[in-house]
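User: Please take a close look at one part of this model, the charged pairs and the helices that carry them. A plain description is enough.

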Amino acid sequence: MKHYEVEILDAKTREKLCFLDKVEPHATIAEIKNLFTKTHPQWYPARQSLRLDPKGKSLKDEDVLQKLPVGTTATLYFRDLGAQISWVTVFLTEYAGPLFIYLLFYFRVPFIYGHKYDFTSSRHTVVHLACICHSFHYVKRLLETLFVHRFSHGTMPLRNIFKVSALGCVFQDPGLLPAPSTRSRPHPSPACFQNCTYYWGFAAWMAYYINHPLYTPPTYGAQQVKLALAIFVICQLGNFSIHMALRDLRPAGEWPAPGKGGMVVGRLGKGGSHLPLLSCLPGSKTRKIPYPTKNPFTWLFLLVSCPNYTYEVGSWIGFAIMTQCLPVALFSLVGFTQMTIWAKGKHRSYLKEFRDYPPLRMPIIPFLL
Amino acid sequence: MAAAAATAATKGNGGGGARAGAGEGGGARKKKGPGPLATAYLVIYNVVMTAGWLVIAVGLVRAYLAKGSYHSLYYSIEKPLKFFQTGALLEILHCAVGIVPSSVVLTSFQVMSRVFLIWAVTHSVKEVQSEDSVLLFVIAWTITEIIRYSFYTFSLLNHLPYLIKWARYTLFIVLYPMGVSGELLTIYAALPFVRQAGLYSISLPNKYNFSFDYYAFLILIMISYIPIFPQLYFHMIHQRRKVLSHTEEHKKFE
């Protein structure tokens with residue numbers, strides 16, 4: 001069996017970084033990355049980008065050496081993607097942030113409101129209800145991150161975490177988060193810190209007013225609160241149902257072997273299969289059209305491509321009505337805008353991929369948007 | 001900042017052939033410009049704007065000569081200033097529609113900051129209208145805009161005199177800091193009146209559980225000049241080197 005030789009050069013300086021001889025022809029890029037790490041331990045595989053051309057696209061981990069357009073001496077170019085952080089850590093951090101911040105305001109920790117209000121409790125029921133709802137929302141997300149969603153491409157650049165944390169939820173806009181599909185690799189986004197501050201700021205901004213000593217409860221009293229709470233709960237259940245349905249589209253057995261740290265190589269995003277990846281990242285490959293299941297909440301799939309986003313917007317609208325707080329309404333609006341962009345992208349991908357895609361479906365709002 | 005952004009940010013209102021706008025450095029000629037109808041419209045737009053700012057310039061000079069002093073000249077050019085500066089909002093539309101190859105975000109930022117100063121500060125806080133700082137930024141803007149709009153006009157017609165190009169990429173060195181100073185001083189002068197009147201501010205409690213302190217907001221705006229102004233300024237300096245040295249090379253071959 002003829003062995004290959006692989007030389008790895010720095011993409012920018014063309015400096016020879018590593019020379020590997022006696023590489024098996026059927027070796028994958030992932031294996032080559034592991035070999036490279038041995039000589040340069042500071043560059044663990046997740047932060048390596050290897051490509052055939054210094055300015056070209058990254059090779060995928062599953063690419064096989066002999067299938068690449070190289071001679072028996074292959075030249076690969078290396079780019080450092082920067083410190084990487086696992087997606088699970090990303091989500092846990094970005095969901096724990098708003099959860100924690102809100103509670104600081106709820107408990108009226110000192111230096112937020114006047115000293116005489118330190119550690120006091122609001123006399124309005126709706127304020128306590130709001131805390132429960134908001135906290136439930138983020139706890140649900142944390143649990144989904146740990147037990148429902150499956151992640152592909154184990155990591156993302158560390159710089160991004162500040163960006164997404166702020167959102168308090170996974171806003172996987174292609175501009176915001178890179179496409180961690182198996183075809184491309186994550187690259188750091190420059191707006192990282194900005195987005196983080198922005199969204200964590202929003203969480204603090206909302207929490208400040210809802211838990212303020214001068215908070216004014218809703219105009220229509222208990223009626224309004226009950227209705228809004230119902231909307232919120234229904235949408236939370238709906239959102240969870242969609243996540244489960246999406247996860248079930250691709251049974252666990254079909255996944256490639258788990259990568260490092262017990263990270264299953266699947267896809268990034270809410271829900272199980274490739275779809276959530278698609279849900280946020282236009283251009284990624286879908287495998288299956290999601291259809292309604294026995295669960296009535298999933299029947300929204302008849303009308304909408306991304307019902308998880310629909311339910312998400314619904315939850316926040318419910319929360320806004322319940323608290324009758326303008327900052328919450330503004331936050332819902334911003335979230336809606338972002339999710340609409342993603343939903344449209346995913347919808348477009350679906351249409352491209354499937355000739356027989358149900359024509360009745362709209363991206364996010366039935367019949368409208 | 002509104003003064004600087006105006007020169008720095010936009011690549012030009014059109015300028016199909018001679019792409020010497022900020023950010024291009026006069027090199028790229030491969031892009032095709034807007035269609036003939038769009039070009040005609042843009043030429044008219046830029047001519048009208050040039051004329052408008054000339055009216056403001058002339059108005060300032062005449063008022064100065066009539067009054068004998070440079071104080072409180074704002075009142076004599078208040079209306080055309082508001083009209084033509086607000087009219088610049090169209091430039092955002094031009095970018096959005098695509099007939100001008102500039103970034104919508106950058107253009108919006110630039111125009112909105114100008115409009116903000118005109119309406120939310122100078123118009124809203126009557127007491128600052130007699131301040132000299134207003135004259136400072138009005139003069140800076142007027143000269144900048146006359147040059148900028150004529151630059152675009154000539155670019156669209158593919159007959160850009162070197163003088164205009166030179167002026168656009170040189171005068172900003174003085175006009176930019178001048179404008180920024182005028183703007184900052186005006187906002188600063190407005191502060192006590194905003195505080196006193198509680199202008200554009202809403203406090204708790206209210207039924208939408210929202211509050212806004214315009215005074216604090218203005219202070220934040222002033223602080224934002226610190227990171228933004230140097231960036232725009234040095235970007236223009238960089239552009240200047242690119243654009244003017246490139247032209248020098250072209251001239252050598254003539």
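How many salt bridges does the structure hold over all chains?

Analyst: This is a predicted model. Over all chains, the structure holds 10 salt bridges. Side chains of opposite charge can pair when their charged atoms come close.

Several of these pairs share residues in chain B. A network of salt bridges links Glu91(B), Arg114(B), Glu145(B) and Arg148(B). Within that network, the side chain of Glu145(B) meets that of Arg114(B) at 3.3 Å, N to O. This pair links distant parts of the chain, since Glu145(B) sits in helix α6 of chain B and Arg114(B) in helix α5 (residues 104–123) of chain B, 31 residues apart. Glu145(B) has a relative accessible area of 1% and is therefore buried. Arg114(B) also has 1% relative accessibility, so Arg114(B) counts as buried.

Glu145(B) also forms a salt bridge with Arg148(B), where the closest N and O atoms are 2.9 Å apart. Both residues belong to helix α6 of chain B; because they are three residues apart, about one helical turn separates them. Arg148(B) and Glu145(B) are both buried.

Arg148(B) has a further role in the packing of helices, being among the α6(B) residues in contact with α7(B). The axes of helix α6 (residues 132–156) of chain B and helix α7 (residues 162–170) of chain B come within 9 Å and cross at roughly 140°. That angle is why α6(B) counts as oblique to α7(B). The crossing of the two helices is left-handed. On the α6(B) side, the contact is made by Ile147(B), Arg148(B), Ser150(B), Phe151(B), Tyr152(B) and Phe154(B), and on the α7(B) side by Ile164(B), Lys165(B), Ala167(B), Arg168(B) and Tyr169(B). Sorted by class, the residues in this contact are seven nonpolar, one polar and three charged.

Another salt bridge of chain B lies within a helix. The side chains of Glu78(B) and Lys82(B) meet at 2.9 Å, N to O. Helix α3 (residues 74–87) of chain B holds both residues, four residues apart, which is about one turn of the helix. The cut-off for buried is under 20% relative accessible area. Glu78(B), at 18% relative accessibility, therefore counts as buried. Lys82(B) has a relative accessible area of 12%, so Lys82(B) is buried too.

Definitions and conventions. Residues numbered from 1 in each chain as written. Chains lettered and ligands numbered in written order. Predicted model: local features only at pLDDT ≥ 70, side-chain atom pairs only at ≥ 80, totals over all residues. Heavy atoms only, no water. Axes fitted to C-alpha atoms, helices over the stretch in contact; angles between N-to-C directions. Parallel < 35°, antiparallel > 145°, perpendicular 65-115°, else oblique. Left-handed = near helix turned anticlockwise from the far one by under 90°. Contact = heavy atoms within 4.5 Å. Nonpolar A, V, L, I, M, F, W, Y, C, P; charged D, E, K, R; others polar. Salt bridge = Lys/Arg side-chain N within 4 Å of Asp/Glu carboxyl O. Buried < 20%, exposed > 50% of the residue type's maximum accessible area, 1.4 Å probe, protein only.
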